[in-house]
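Visitor: I'd like a close look at one part of this model, the helix packing in one chain, and then where that takes us. Could you walk me through it slowly?

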Amino acid sequence: MIVDLIPDEDQSAIEDTIVSFLSDMLPVERLREDKAHGGAAESEVWSQLCELGLFGLGLPEDQGGLGLGLPEEALVARALGRHLVSPGVLAQLCAPHLATDEATRDALISGETRAAFGIADGYVLDGEGAEWVVVFGPGGASLRARSDLSLSATDGGLDNTVTFERIEGGAGNAQPALRIEVLVAAYLTGIAQATTDMAVEYAKQREQFGQPIGAFQAIKHSCADMATRASAADTQTLFAATVFGAGMDDAVEAAAARTLAKRAALENAKANIQTHGGMGFTNECDAHLFLKRAMVMDMLGSDARARREALTAS
Amino acid sequence: MKIVESAELAQFRWECRDWLADNVPTNRPDDGEAMRDFDLAWQAKQHEGGWAGINWPTEYGGRGASVLEQLIWHEEYALAGGPPSGCMFVALSHAGPTLIVSGNDEQKSRYLPTILNGTENWCQGFSEPGAGSDLPGLKCKGEIDGDDLVINGTKIWTTYAQHARWQELLVRTDPDETRHRGLTWIIGDMQAPGLEVRPIKTMAGLEHFAQCFYDDVRIPLKNVVGEVNQGWKTAMTTLGFERGTGTVAHQIELATRVDRVIEAVKEAPGGADDAQLEMLAVLKSEVMALRSLTAASISRGMHETVPGAGGNIVALYFGELTRRVNAAAFDLLGPHSLERAGYNYPAHFLECFKWAIGGGTSEIRRNTIGERVLGLPKGPKAV
């Protein structure tokens with residue numbers, strides 16, 4: 001199958017719109033303040049976010065969407081990852097696809113009702129204010145009413161910018177959700193890109209031995225490897241999104257995207273911390289936020305076993 | 001980002017597939033003159049079939065295929081088990097394109113047709129013992145004497161030099177200049193007196209490259225391509241010719257190899273454990289990403305006139321991945337993988353080291369990505 005992987009004008013315009021909105025309204029620095037955590041910053045700008053019309057992007061027009069596809073949604077998901085936007089916003093992009101009645105779907109597309117991500121027998125992430133939970137595990141996804149789930153509060157987890165509510169059970173009637181799998185990969189790819197940019201920027205500024213540390217090959221090569229990992233994961237994710245539903249093996253394409261996106265996000269997040277040296281180990285440097293978020297997001301959807309099975313089936 | 005399909009492209013694919021099915025030769029000899037003869041005969045056959053110079057403009061006798069048609073050709077070529085272009089590679093992918101962009105009419109009409117019809121092949125003459133990764137440091141000397149350039153010095157790692165008729169030779173013609181300045185690109189005659197070619201055996205046991213020694217080798221000045229002392233510019237013009245389709249066959253071959261190892265591991269007594277499957281799943285993901293990266297380079301080739309330094313990302317990824325794939329057989333298949341019989345894992349493993357060295361080592365590629373893609377400073381300065 002022949003694909004053109006360069007975004008066209010409309011796709012670039014969608015990406016530019018969301019990127020400029022997030023850079024202005026939800027920059028990563030917001031997370032330095034506790035009051036922005038748990039999706040609170042997103043709630044503050046929720047009505048403006050809804051006005052962008054993102055949440056019906058990939059749905060057909062007769063279902064109240066814009067009639068675009070997974071490539072456009074993947075560009076949005078990648079931008080959300082770059083800015084460490086609350087997982088709930090990504091869930092909102094996915095939820096209308098899972099809605100079974102028109103009223104629920106319309107309310108999710110408009111943002112009138114909100115969704116959050118959840119992991120069965122695990123946690124709801126940033127669930128405050130959400131009526132729906134996209135429970136997404138190795139078996140697929142189901143859209144559950146939050147009020148139907150058995151939830152209990154926790155004191156938080158690895159990523160203190162996200163709230164965790166414990167769920168007992170909750171898998172429901174999970175349907176295969178390769179589309180969501182690709183979008184989680186895109187979010188992780190955004191983390192892989194953002195950490196590359198952050199490390200490269202620091203390597204240009206920070207001087208030791210009378211020169212920018214990026215002049216040293218130990219740092220330069222690490223940055224080159226970060227860019228290469230991010231590029232491979234990103235390109236595979238956009239490929240999977242572009243050919244989705246067109247007769248290739250979507251399960252294998254999605255599994256490859258997710259495998260590489262996970263590795264790129266985690267390895268680049270760690271390399272970014274290392275590039276920042278002592279600063280990288282501090283709370284005031286944003287580097288740790290990317291690692292924590294990557295680890296949390298990677299709990300959603302498929303696990304390594306499911307991906308191994310898809311990728312080595314022949 | 002979209003799927004690109006059309007009836008014309010589908011028709012072109014069938015045309016490629018049909019012709020290749022009837023004509024692809026098998027059992028390419030490993031080395032020696034038999035290999036050269038095989039490569040030239042296959043080129044002649046492609047010429048007869050109208051496929052020679054797939055990416056060359058039609059005015060120079062090429063097929064003039066669009067970027068997407070090139071992609072289809074290379075895909076079908078790999079799927080049909082087409083042999084590497086081997087002894088014809090430099091002529092088709094480098095020397096010919098350089099002449100097309102920078103040669104004069106006389107040079108074009110003399111040298112291009114014999115490349116396409118498989119009667120004359122070329123080698124490269126860039127690297128030297130003291131100028132490998134640091135190519136602009138080359139010293140092989142060319143002095144103007146009457147109508148000739150007199151060459152003295154040596155070139156090394158010259159792939160198939162012992163089988164080539166012509167050579168794209170980069171020599172220093174202005175001894176007062178350094179680095180990229182003062183170089184000249186000239187068509188070297190591999191039959192000229194004073195030239196000695198000593199084959200070098202690789203770690204894979206094959207004589208696929210050589211060192212060339214020049215002792216007052218006289219080359220007529222009319223063989224200079226571009227201008228005297230402007231050889232670096234001539235060498236660089238070829239870059240605009242590369243549209244990312246050249247690596248499609250390697251990428252497909254590597255993907256096939258991963259599938260083969262997966263199959264072999266699963267068929268082994270006892271099957272595969274989780275750790276083995278995880279290793280295979282990652283390799284499979286990576287060859288798929290290589291395919292996607294190649295598709296992205298080709299997409300850029302459709303939109304841009306000159307490729308950027310980003311091609312180094314694909315080249316670095318391919319070089320490192322091909323090593324891991326070829327090493328995996330030994331980790332996964334046990335002692336039987338050591339034997340040359342059958343699929344011959346040792347040959348593939350030993351040969352693949354070249355992909356992270358030739359044409360730019362992985363380390364040089366990381367420097368280039370760091371400096372030219374990411375904008376990191378050159379250096380370091382002495383401390």
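Guide: Sure. Bear in mind that this is a predicted model. Let's start in chain B, where the axes of helix 1 (residues 7–23) and helix 3 come within 9 Å and cross at roughly 35°. The crossing of helix 1 of chain B and helix 3 of chain B is right-handed. If you want to find the contact on screen, pick out L9(B), F12(B), R13(B), C16(B), R17(B) and L20(B) on helix 1 of chain B. Facing them from helix 3 of chain B are L68(B), E69(B), I72(B), W73(B), E76(B) and Y77(B). Sorted by class, that contact of helix 1 with helix 3 of chain B has eight nonpolar and four charged residues, with no polar ones.

Now zoom out a notch. Chain B is split into domain 1 (7–116), domain 2 (122–229) and domain 3 (242–373). Taken over C-alpha atoms, the centres of domain 1 and domain 3 of chain B are 24 Å apart. Each of these two domains of chain B puts 10 residues into their contact. And here helix 3 of chain B (residues 67–79) turns up again: with eight residues, helix 3 gives the most to the side of domain 1 that touches domain 3 of chain B. That side of domain 1 of chain B is made of five nonpolar, four polar and one charged residues.

Next, a second helix pair in chain B. Helix 7 (residues 248–267) and helix 9 (residues 311–333) of chain B pack with their axes 10 Å apart, at an angle of about 20°. Because of that angle, helix 7 of chain B counts as roughly parallel to helix 9 of chain B. The crossing of helix 7 and helix 9 of chain B is left-handed. On the helix 7 side of chain B, look for H250(B), L254(B), R257(B), V258(B), V261(B), A264(B) and V265(B). Helix 9 of chain B answers with F318(B), T322(B), V325(B), A328(B), A329(B), L332(B) and L333(B). The residues of this contact of helix 7 with helix 9 of chain B come out as 11 nonpolar, two polar and one charged.

From there we can step across to the other chain. In the interface, 44 residues of chain B are in contact with 45 residues of chain A. Several of the helices we've met are back: helix 3, helix 7 and helix 9 of chain B are among the elements that give two or more residues to the side touching chain A. Helix 8 (274–303) of chain B gives the most to that side, though, with 17 residues. By class, the side of chain B that touches chain A has 27 nonpolar, seven polar and 10 charged residues.

Strand 1 (2–3) of chain B is also on that list of elements. Two bridges join strand 1 of chain B to strand 1 (residues 3–4) of chain A, and the two strands run antiparallel. There, V3(A) stands opposite I3(B).

While you're over in chain A, have a look at the open sheet of six strands, with mixed pairing and the order 5-4-2-3-7-6. Strand 5 (140–145) and strand 6 (150–153) of chain A are the edge strands, each pairing on one side only. From one strand to the next, the twist averages 30°. At one of those edges, strand 5 of chain A is joined by six bridges to strand 4 (residues 132–137) of chain A, and the two run antiparallel. To pin that down to a residue pair, V133(A) has R144(A) in strand 5 of chain A as its bridge partner.

Note on methods: Residues numbered from 1 in each chain as written. Chains lettered and ligands numbered in written order. Predicted model: local features only at pLDDT ≥ 70, side-chain atom pairs only at ≥ 80, totals over all residues. Axes fitted to C-alpha atoms, helices over the stretch in contact; angles between N-to-C directions. Helix = DSSP H or I, 4+ residues; strand = E, 2+ residues; numbered from the N terminus. Parallel < 35°, antiparallel > 145°, perpendicular 65-115°, else oblique. Left-handed = near helix turned anticlockwise from the far one by under 90°. Contact = placed C-beta atoms within 7 Å. Nonpolar A, V, L, I, M, F, W, Y, C, P; charged D, E, K, R; others polar. Domains from an automatic or database assignment. Pairing = 2+ DSSP bridges.
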